Amino acid sequence: MINRRQFLYLAGAGAANLLNVHALPFTKAAGAASDRAAFSPDVELSLTASPSEVQIFPGQPTTVWQYSGEVIKGDPNCLTHLKQSYLGPIIRVRQHQKVRIQFQNSLPATSIIHWHGLHVPARMDGHPKDVIAAGQTFTYEFEVLNRAGTYWYHPHPHGRTGHQVYGGLAGLFFVSDDEEEKLNLPANELDISLVIQDRAFNRDNQLVYLPRGMHDSMTGMLGDRICVNGKPDFELAVKTRAYRLRILNGSNSRIYKLAWSNGTPLTVIATDGGLLEKPIEKKYVIIGPAERIELWADFSNYPVGTSLELVSKYFEAAMQGSAMGPRRGMMAGESLPNGAPFSVFKINVTKKERESRSLPQKLSTIERYQLQDADNANSPRQFSFFMRHMHGLINGRTFNMQEVADDERIRLNSTELWELANDDPRMGMMMPMPHPVHLHGKQFQVIERRGTHHSGYVDDGWKDTVLLMPGERARIVTNFTDYKGLFLYHCHILEHGDMGMMRNYLIS
Ligand code: C2O
Ligand code: CU
Ligand code: CU
């Protein structure tokens with residue numbers, strides 16, 4: 001009984017004793033008072049993480065952990081709360097704005113917020129060493145240097161990230177800029193965000209996390225209910241217009257192979273780090289945890305009354321048939337393994353309206369890195385990701401809060417080639433697994449991918465997360481500018497990160 005209760009999200013301070021809380025004996029506030037005075041924010045927000053309840057199903061409400069926010073200074077529209085959703089508010093800022101965010105931790109657990117995809121100073125990045133205890137606050141201050149794009153935020157306490165994100169702690173972070181604005185893309189009610197997450201619920205409508213313990217940690221938590229913006233069986237009413245659909249795979253470990261149910265190709269206009277150079281058409285797109293894609297979806301040729309689904313198609317996740325393979329039908333999650341097909345959400349065309357927009361053929365200018373742009377073009381850094389004996393490893397090493405190995409030290413302003421390899425075997429005794437590899441602090445370009453038998457990746461544009469199926473490897477290039485300090489790189493299957501498939505790199 002105690003065991004089962006551990007995985008639920010309990011309200012109230014008494015819950016802290018039941019949860020496996022890693023309380024750390026210190027708290028930190030960002031910046032000395034003198035720094036604080038020098039920083040004059042254009043936008044100031046407060047974000048509070050606390051236990052809360054949402055009505056997801058009829059009957060008993062679901063206890064979740066949730067971010068809620070308030071605008072202290074700046075445009076009141078820079079925060080949008082989604083109705084009846086556990087997701088945190090959408091934060092909207094412009095490039096070059098200075099942002100101050102006061103984080104209040106009202107959870108019965110230590111936590112810290114990470115700004116996924118944003119290029120911020122190391123001490124503003126939400127490194128797990130900077131966690132704050134229950135009841136404490138942390139002040140973030142940074143200038144938004146990123147180009148326009150769909151970024152997001154989530155907690156990052158080591159060993160607990162999977163649990164906290166799953167409990168509801170996540171939100172979108174939109175950046176806009178002049179380049180994007182000139183395109184006059186569908187905006188306001190034509191700009192729709194869709195956060196896709198899978199969840200498992202018990203009979204009392206409560207979230208269930210890792211019901212099978214270590215087995216679920218190895219595969220990553222998989223739920224059998226697909227939620228969009230926190231709602232199962234999500235439906236979207238659209239007019240006969242063109243829409244911008246911003247999609248975040250906010251799942252702990254599920255991979256989606258997205259396609260339109262009627263066979264129309266997907267028109268992709270942006271990825272993790274914003275707009276592509278030009279739109280590309282794909283029969284399907286595969287996105288791993290933390291990845292984003294933006295679609296141009298034009299319903300102007302559909303008669304009113306049409307319905308359409310965004311589906312996730314079958315794929316081979318290379319996880320079946322192994323020694324640790326799932327036993328069928330045991331518990332939540334079993335019924336929907338990674339790679340199983342399902343509907344993600346349904347679109348209903350409900351209203352006729354004249355469309356005036358057309359898809360821009362050029363979206364942006366991106367200077368593509370070439371291999372020879374890297375200072376280490378002939379000797380790429382090699383990072384190999386695999387699971388061994390219930391540990392997540394990178395080059396055979398597991399996470400250690402402050403540790404940096406020799407091959408993890410980087411010179412400020414260098415341009416580097418990294419080769420990331422998923423070295424989990426495709427077959428045999430071990431359970432091979434996908435690893436979506438994420439770098440903190442920087443957007444990068446994927447210049448080459450090897451060993452793949454999928455054609456659904458969008459490797460163009462700027463990325464902060466690259467999905468590697470077993471046996472796949474990718475070469476990425478980026479330049480490490482502006483900020484020195486300790487940043488993370490890790491697998492974004494959150495349970496793998498929590499099991500140590502995460503390391504520091506140090507820019508100095
Ligand atoms: Cu979304 Cu450490 O990352
Ligand atoms: Cu990140
Ligand atoms: Cu992994």
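**From a salt-bridge network to the copper sites**

Arg473 has a relative accessible area of 26%, so this residue counts as partly exposed. That value belongs to a predicted model, and it makes a convenient place to begin a walk through the structure. The partner of Arg473 in a salt bridge is Glu419, with the closest N and O atoms 2.7 Å apart. The two residues come from distant parts of the chain, since Arg473 lies in strand β29 (residues 473-479) and Glu419 in strand β25 (residues 415-422), 54 residues apart. Is Glu419 buried or exposed? With a relative accessibility of 6%, Glu419 counts as buried, because buried means under 20% relative accessible area.

A second salt bridge joins Glu448 to Arg450, and here the closest N and O atoms are 2.6 Å apart. Glu448 is partly exposed, with a relative accessible area of 30%, and Arg450, at 40% relative accessibility, also counts as partly exposed. Which residues are joined into one network by salt bridges that share partners? They are Glu419, Asp423, Glu448, Arg450, Arg473 and Arg475, so that both of the pairs just described are part of it.

Elsewhere in the chain, the side chains of Glu181 and Arg94 meet in a salt bridge, at 2.8 Å from N to O. Because Glu181 lies in helix α5 (residues 178-183) and Arg94 in strand β4, this pair ties together parts that are 87 residues apart in sequence. Glu181 counts as exposed, at 53% relative accessibility, whereas Arg94 counts as partly exposed, at 25%. The count of salt bridges comes to 34.

It helps now to step back and look at the whole protein. Its secondary structure comes to seven helices and 31 strands. Of the 508 residues in the protein, 61% are buried, and the surface that the protein exposes is about 19400 Å², of which carbon and sulfur atoms supply 50%. Among the contacts between residues at least 6 apart in sequence, 79% join residues at least 24 apart.

The interior can be followed next, and a general tendency is worth keeping in mind. In soluble globular proteins, nonpolar side chains tend to be buried together. The largest nonpolar core here has 56 residues, and those that touch the most other members are Ile91, Trp115, Tyr140, Phe142 and Phe173. Strands β1 (43-54), β2 (62-73), β4 (90-94), β5 (98-105), β6, β7 (137-143), β8 (149-155) and β9 (171-176) each supply at least two residues of this core, and β1 gives the most, with five residues. Leaving aside residues up to four places away in sequence, Phe173 touches a list of residues that includes Ile91, Trp115, Phe142 and Trp152. Apart from this core lies another, of 35 residues, among them Leu194, Tyr256, Leu276 and Ala340.

One sheet can also be traced strand by strand. An open sheet of seven strands runs in the order β12-β11-β10-β14-β19-β16-β17, and its pairing is mixed. Why is one side of β12 and of β17 left without a neighbour in the sheet? These two strands, β12 (231-232) and β17 (274-282), stand at the edges, and each has a single partner strand, so one side of each remains without a neighbour in the sheet. At one end of this order, strand β16 (residues 266-271) pairs with β17 in the antiparallel sense, over five bridges, and Ala270 stands opposite Leu275 in β17.

The walk ends at two of the copper ions. Which residues coordinate the copper ion written as ligand 2? His114 and His438 do so, each through its NE2 atom, at 1.9 Å. These histidines come from distant parts of the chain, with His114 in strand β6 (residues 113-116) and His438 in strand β26 (residues 435-439), 324 residues apart. Both His114 and His438 are buried.

The copper ion written as ligand 3 has as its protein donors His435 (ND1), Cys491 (SG) and His496 (ND1), which lie 2.0 to 2.1 Å from it. Along the chain these donors follow the spacing H-x55-C-x4-H. His435 is in strand β26 and Cys491 in strand β30 (residues 485-491), so two distant parts of the chain, 56 residues apart, are linked. His435 and Cys491 are both buried.

Methods:
Residues numbered from 1 in each chain as written. Chains lettered and ligands numbered in written order. Predicted model: local features only at pLDDT ≥ 70, side-chain atom pairs only at ≥ 80, totals over all residues. Heavy atoms only, no water. Donors = N, O, S within 2.8 Å, 3.2 Å for Na, K, Ca; no water. Helix = DSSP H or I, 4+ residues; strand = E, 2+ residues; numbered from the N terminus. Buried < 20%, exposed > 50% of the residue type's maximum accessible area, 1.4 Å probe, protein only. Pairing = 2+ DSSP bridges. Core = buried A, V, L, I, M, F, W, Y, C linked by side-chain atoms within 4.5 Å. Contact = heavy atoms within 4.5 Å. Areas by Shrake-Rupley, 256 points an atom, 1.4 Å probe, with all protein chains shown as cover. Salt bridge = Lys/Arg side-chain N within 4 Å of Asp/Glu carboxyl O.
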